[in-house]
Amino acid sequence: MTVLPDDGLSLAAEFPDATHEQWQRLVEGVLRKSGKEVSGEAAEDALSTKLEDGLTTRPLYTAPETAPDTGFPGFAPFVRGGRAEGSAASGWDVRQRIAGTDPVRVNDAALADLENGTTSLWLAVGDAGLPVEGLGRALEGVYLDLAPVSLDPGAQYAEAARALLALYAERQVAPEAAHASLGADPLGHEARTGEALDLAEAAALATETAAWPHVRALTVDALPYHEAGGSAAEELGLSLATGVAYLRALTDTGLSTEAALGELEFRYAATADQFLTIAKLRAARRLWARIAEACGAPAAGAQRQHAVTSPVMMTRRDPWVNMLRTTVACMAAGVGGADAVTVLPFDQDLGLPDAFARRISRNTSTILLEESHLARVIDPAGGSYYVEQLTDELAHAAWEFFQTIEKAGGQAAALRSGLVAERLAATWAARSKKLSTRREPVTGVSEFPHLSEKPVVREPAPAPLTGGLPRVRRDEAYEALRARSDVHLEATGARPTVFLAALGPAAAHTARATFASNLFQAGGITPVHDPVSVTPETAAAAYAASGADGMAVLCSSDALYEEQAEAVAAALRSAGATTVFLAGRPGTAAAAVDEYVFAGCDAVAVLSSVLDRMGVAQ
């Protein structure tokens with residue numbers, strides 16, 4: 001037996017390894033103190049979190065007895081990345097989106113981006129962006145042999161593609177030096193607009209790029225499904241179905257399977273749920289490798305990925321918080337192995353981003369790459385029991401949905417039959433309930449809103465393409481409530497107001513007063529908590545001085561509710577309060593109050609009803 005030298009780092013080596021069962025017994029003891037009598041697997045389930053797609057996040061992950069083969073970076077099944085070196089050599093491609101219509105201004109933005117950290121450009125061209133004939137002016141001064149260009153051309157993909165290829169030829173860019181994605185995505189365009197385009201025509205572009213080895217003709221854009229409320233598994237399943245449809249069209253033109261695989265780039269959303277984003281990108285590569293294997297070209301199955309920070313997670317109120325969301329999403333995209341990452345500016349939903357917003361979006365990647373050294377480790381998430389299991393479970397859920405789409409006749413048929421729209425709508429409806437009850441909080445909107453913030457105003461952006469799947473946002477229900485409050489403010493000079501009637505000392509009422517204040521501000525309703533505490537004798541005068549619009553909320557401990565709620569509520573009603581809420585469990589002091597607000601209540605329904613009763617216009 002080999003005796004290892006004592007390196008002074010043995011620490012707990014002399015103690016026996018703890019078992020999963022021992023950990024479960026400790027969990028049982030903790031839960032028992034909180035009133036839950038559960039044991040074994042049930043104890044672990046009590047600390048688990050349900051995710052979309054039937055997935056569950058467990059509180060503890062250990063080495064599985066059997067695990068799928070994740071291979072090595074750069075080798076099938078490409079879970080650990082499509083390149084052996086990962087992003088360690090040069091970092092990921094920092095791809096900046098530009099969506100203006102004026103070629104001169106687009107050119108100014110492009111040059112500023114490239115001079116300050118951007119490594120490639122993503123141009124909106126056609127009906128929702130730059131006119132095709134303005135492409136040359138927009139790229140004036142851009143070294144096309146150094147800066148890759150990705151097009152987002154909508155229905156005008158053929159004209160935009162040929163204009164870019166002509167520009168390469170005109171500027172004598174060597175074919176092997178040109179790196180581009182022409183962005184033809186007829187099924188993605190149909191999902192956006194409802195307009196069906198010819199797949200064969202899009203696939204024919206690939207025959208025109210044969211001389212350009214690093215130019216990809218088609219893009220599989222999963223953002224339309226993400227922006228319609230789709231889950232991670234649905235986004236993956238629909239991208240697989242789209243990719244397979246494009247492979248069929250490409251091989252029908254005479255391309256080999258290997259060549260057809262090389263013509264595709266995939267685009268996914270990166271969200272502030274960092275682990276789910278990491279798992280989604282890893283699962284996407286594994287699933288596409290399986291497709292390539294089934295098509296007889298396993299070595300060509302490395303998926304080229306472009307990750308974009310999620311538009312769904314962006315908020316219009318307190319938009320500065322978006323900078324934090326996009327930072328987490330960018331980190332997740334990088335750790336997940338995306339080849340290119342676009343950080344959308346924090347003011348994306350307010351109009352055309354200004355220079356400051358564009359600089360911050362560029363610098364997000366720069367800080368993660370240059371200061372945090374995030375790309376210096378190949379597949380940093382590899383080996384994490386949690387990430388590996390989440391990747392595996394997500395891959396299976398996505399594959400099941402992909403098979404559903406294929407059984408329905410493929411992606412085009414599923415779009416036209418309404419299958420896709422119905423599935424995504426159901427997913428979004430379930431998620432909307434979590435948003436309405438604040439089980440899924442939105443910082444700055446449903447939690448910790450800032451009513452006195454000055455609106456961020458931007459120049460209008462080109463109207464997005466519509467007519468197909470809807471575009472949803474996490475903040476949309478609360479945004480509608482806040483808009484009603486804004487109109488009321490403009491008409492009357494004040495926001496609708498509610499009075500917080502706090503009972504007893506600060507220790508008794510602070511938690512529930514803070515909860516109630518947070519809740520009502522989410523609907524644009526100003527809470528007045530002055531004086532700090534009221535009694536049956538002072539409540540009427542305090543309410544009258546508050547300027548409240550008929551609403552008052554009792555805030556205190558259950559014990560003080562029993563003692564004072566009835567008398568204080570009567571005093572409030574005598575002063576003009578038409579509705580008295582209680583912050584606490586339904587049923588508490590039931591004889592004294594009209595309604596309850598509590599953690600888990602439908603905040604959107606409550607706030608909408610309150611605004612209605614206050615006479616605030618829809």
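**From helix 1 to the inner spaces**

Helix 1 is followed by G35, whose phi is positive, near 95 degrees. The model is predicted, so local features need pLDDT of at least 70 and side-chain atom pairs count only at pLDDT 80 or more, while totals for chains, interfaces and linings use all residues. Residues are numbered from 1 along each chain as its sequence is written, and side-chain values use heavy atoms, with hydrogens and water left out.

Helix 1 itself covers residues 20–33, and its 14 residues reach 21 Å from the first C-alpha to the last, close to the 20 Å expected at 1.5 Å a residue; the expected span is 1.5 Å times one less than the number of residues, and helices are DSSP runs (H or I, at least four residues), as strands are (E, at least two), numbered from the N terminus. The buried residues of helix 1 (under 20% relative accessible area with a 1.4 Å probe, protein chains only) are Q24, V27, E28 and L31. Seen down the axis, these buried residues fall within an arc of 110 degrees, so they line one face of helix 1; the arc is that of the directions from the helix axis to the C-beta atoms. An α-helix has 3.6 residues a turn, so residues three or four places apart point the same way. On the other side of helix 1, R25, L26, V30 and K33 are exposed, that is, over 50%. Helix 2 (41–46) is included in what covers the buried residues of helix 1.

The largest nonpolar core (buried Ala, Val, Leu, Ile, Met, Phe, Trp, Tyr and Cys residues joined through side-chain atoms within 4.5 Å) has 108 residues, of which L123, L139 and Y168 touch the most other members. Its largest share, 12 residues, comes from helix 9 (residues 232–252). Apart from this core lies another, of 56 residues, among them L519, V528, Y596 and V616.

For empty space, a 1 Å grid over the protein atoms alone defines a cavity as a set of points where a 1.4 Å probe fits but cannot get out, and a pocket as an open set with protein on both sides within 12 Å along at least five of seven lines, lining residues having an atom within 4 Å of a point. The largest cavity has a volume of about 190 Å³, and of the 19 residues that line it, R80, G86, S87, G337 and D379 are the closest to its centre. The second largest pocket holds about 1,100 Å³ of space; of its 47 lining residues, R83, D93, H179, R304 and D339 are the closest to its centre.

Notes:
Contact means heavy atoms within 4.5 Å. Grid points are joined across faces, edges and corners, and a volume is the space filled by probe spheres set on the points.
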